[in-house]
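These are my notebook entries on a structure that was new to me. I went from one local detail outward and wrote down what I looked up.

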Amino acid sequence: MQRYNILWADDEIDLLKPHILFLTAKGYDITPVASGADAIESVENKIFDVVFLDENMPGMTGLETLKYIKNRRPSLPVVMITKSEEESIMEEAIGSQIADYLIKPLNPSQILLSVKKILDNKRLVTERTNLEYQQDFRNISMAYNEYMDHNEWIAIHKKLVYWELEIDKTENKSMAEVLEMQKIEANSHFTQFIKENYEDWLNNPNIERPMLSHNLLKTKVFPALNGQPLFLIIIDNLRYDQWKTIEEDITPYFNVEVEEAYYSILPTTTAYARNSIFSGELPLEMSKNSPDLWVNDEDDDEGKNNNEEAFLKRQLDKLRIQAKTSYHKIIHSSQGKQLNDQFNNLLKNDLNVVVYNFVDMLSHARTDMRMIRELAADESAYRSLTKSWFLHSPLFDLLRMISEKGLKVMITTDHGTYRVKKAHQIAGDKNVNTNLRYKHGKNLGYKESNSIYTVRNPEKLHLPKPNVSTSYAFAAEDVFFAYPNNYNHYVKYYKDTFQHGGISMDEMIIPFISLNSKKG
């Protein structure tokens with residue numbers, strides 16, 4: 001077991017000998033000093049893991065000593081000890097970033113708890129997390145080996161995300177590989193679940209089915225219109241784990257009224273799923289009912305979303321909902337700042353929809369995929385990148401402004417993403433779309449696999465069928481499609497990147513959050 005060095009500064013240090021002997025017996029090495037000046041000299045000459053610092057010492061006070069230590073050793077944890085319970089002293093100490101605050105008289109258990117909380121926290125968290133995940137591992141595996149409905153799959157996904165975030169906090173992430181294998185197995189079962197049920201969800205009104213993209217506004221958003229300005233923020237590519245990563249930064253301003261998940265339609269892309277949200281229709285119905293708004297240029301994925309506001313207005317008209325709305329798409333940070341400058345004008349509307357193209361903003365409008373790949377090499381890094389972006393984004397500023405006005409906001413997404421690793425060769429003509437996770441076109445050539453969902457009659461999935469022989473192929477699990485031409489280069493370039501369009505829990509099971517301002 002590692003032995004830690006503790007510096008203890010107190011002008012009555014001799015009276016603390018029983019406590020020092022107690023900590024020594026527990027495996028800690030204590031350096032006792034009787035003044036702030038001695039503490040500073042010790043910190044200059046020796047490495048310590050934590051400092052116990054009496055606040056009320058003659059000469060240089062504990063707070064003065066604390067400032068010097070923090071200036072020289074910013075990351076060195078300091079525990080302030082005092083007889084005083086004055087709020088001003090506590091606040092000053094806390095403002096100086098102390099690790100803990102103890103009130104005299106001390107008892108051995110109190111001291112040991114503080115030390116363990118600071119020095120052994122990571123080890124204790126790691127041991128507890130690993131033990132609890134091992135206990136839950138069998139429960140999760142047993143669950144998806146039995147038949148599960150769409151709600152139970154949401155519960156499994158949330159549980160796997162929970163363990164992913166918990167294991168991420170551990171010291172060496174020793175259980176991460178086991179969890180990754182369990183996620184792969186779960187996604188394999190989820191793929192079969194989608195193959196067996198998705199078509200029925202779209203066509204059989206008599207079965208229990210989940211909320212899907214085209215039901216979202218009618219079911220969740222429009223019923224919340226009540227005369228007060230309502231904000232709907234759609235962040236593209238926002239996975240459930242990414243929501244959990246930014247949640248702690250939002251909850252100081254909002255109460256989470258609803259946290260649930262819904263299913264993105266296939267393909268899990270901006271062009272299909274997000275248009276479906278705004279139109280309230282599936283892609284086949286959009287192409288038939290609104291041919292003026294539905295864009296068939298398969299390579300122009302972003303161009304297919306230039307009519308979201310028009311789709312929204314048509315859905316409102318169809319449902320005979322009279323509401324004053326605004327729609328804003330944010331692709332660059334400057335656009336987000338401009339929107340915030342117009343915030344007071346938004347308060348005149350019943351519904352304000354803001355679409356944040358998160359991935360575009362990260363990658364400077366898709367000019368450098370390699371940058372994202374380097375910065376987000378795995379899920380943990382991708383979550384960290386999401387959090388960093390969010391904390392410095394105009395979106396965070398907008399949310400705080402909404403909270404300040406005591407208003408309600410809903411946060412959701414159109415689909416998630418999945419990190420792809422295995423290439424699956426596919427051939428097609430020049431009109432086949434470019435997405436890596438799904439393909440559609442005439443005479444697609446590829447080897448059938450359990451990791452591919454082949455749809456030979458697209459109309460059964462309410463997908464447009466430009467040609468008589470058009471079929472769709474959806475990649476599942478960690479598979480992505482690659483063309484035979486320049487195959488090795490293609491595979492090397494896209495392996496371990498985050499993609500969307502196919503079938504996985506991360507892409508299809510996505511968050512819907514309703515927040516009420518804490519000032520409301």
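Entry one, a strand pair. I began with Thr 325, whose bridge partner in β9 is Leu 351. This is a predicted model, and I read every entry below with that in mind. I then looked up the wider pairing and found that 6 bridges join β8 to strand β9 (residues 351–356), the two strands running parallel.

Entry two, the sheet. I asked in what order the strands of this sheet lie. The open sheet is formed by 6 strands in the order β7-β19-β10-β6-β9-β8, and its pairing is mixed. At the edges I noted β7 (254–263) and β8 (325–330), each of which pairs on one side only. From one strand to the next, the twist averages 15°.

Entry three, a helix on the sheet. I found helix α19 (residues 394–404) lying across β6 (230–235), β7, β9, β10 (408–412) and β19 (509–517), and its direction is at about 160° to β6.

Entry four, two helices. I looked up helix α11 (residues 270–279) and helix α13 (residues 308–318), which pack at an angle of about 35° with their axes 7 Å apart. On the α11 side, the residues that meet α13 include Ile 277 and Phe 278, and among their counterparts in α13 are Phe 311 and Leu 312. By class, I recorded 4 nonpolar, 3 polar and 2 charged residues in this contact.

Entry five, a single residue. Is Ser 471, which has its place in strand β16 (residues 470–475), buried or exposed? Ser 471 is buried, because its relative accessible area is 8%, under the 20% cut-off. Leaving aside neighbours within four places in sequence, I found Ser 471 in contact with residues including Lys 439, His 440, Leu 444 and Pro 458.

Notes
Residues numbered from 1 in each chain as written. Predicted model: local features only at pLDDT ≥ 70, side-chain atom pairs only at ≥ 80, totals over all residues. Heavy atoms only, no water. Pairing = 2+ DSSP bridges. Axes fitted to C-alpha atoms, helices over the stretch in contact; angles between N-to-C directions. Contact = heavy atoms within 4.5 Å. Nonpolar A, V, L, I, M, F, W, Y, C, P; charged D, E, K, R; others polar. Buried < 20%, exposed > 50% of the residue type's maximum accessible area, 1.4 Å probe, protein only.
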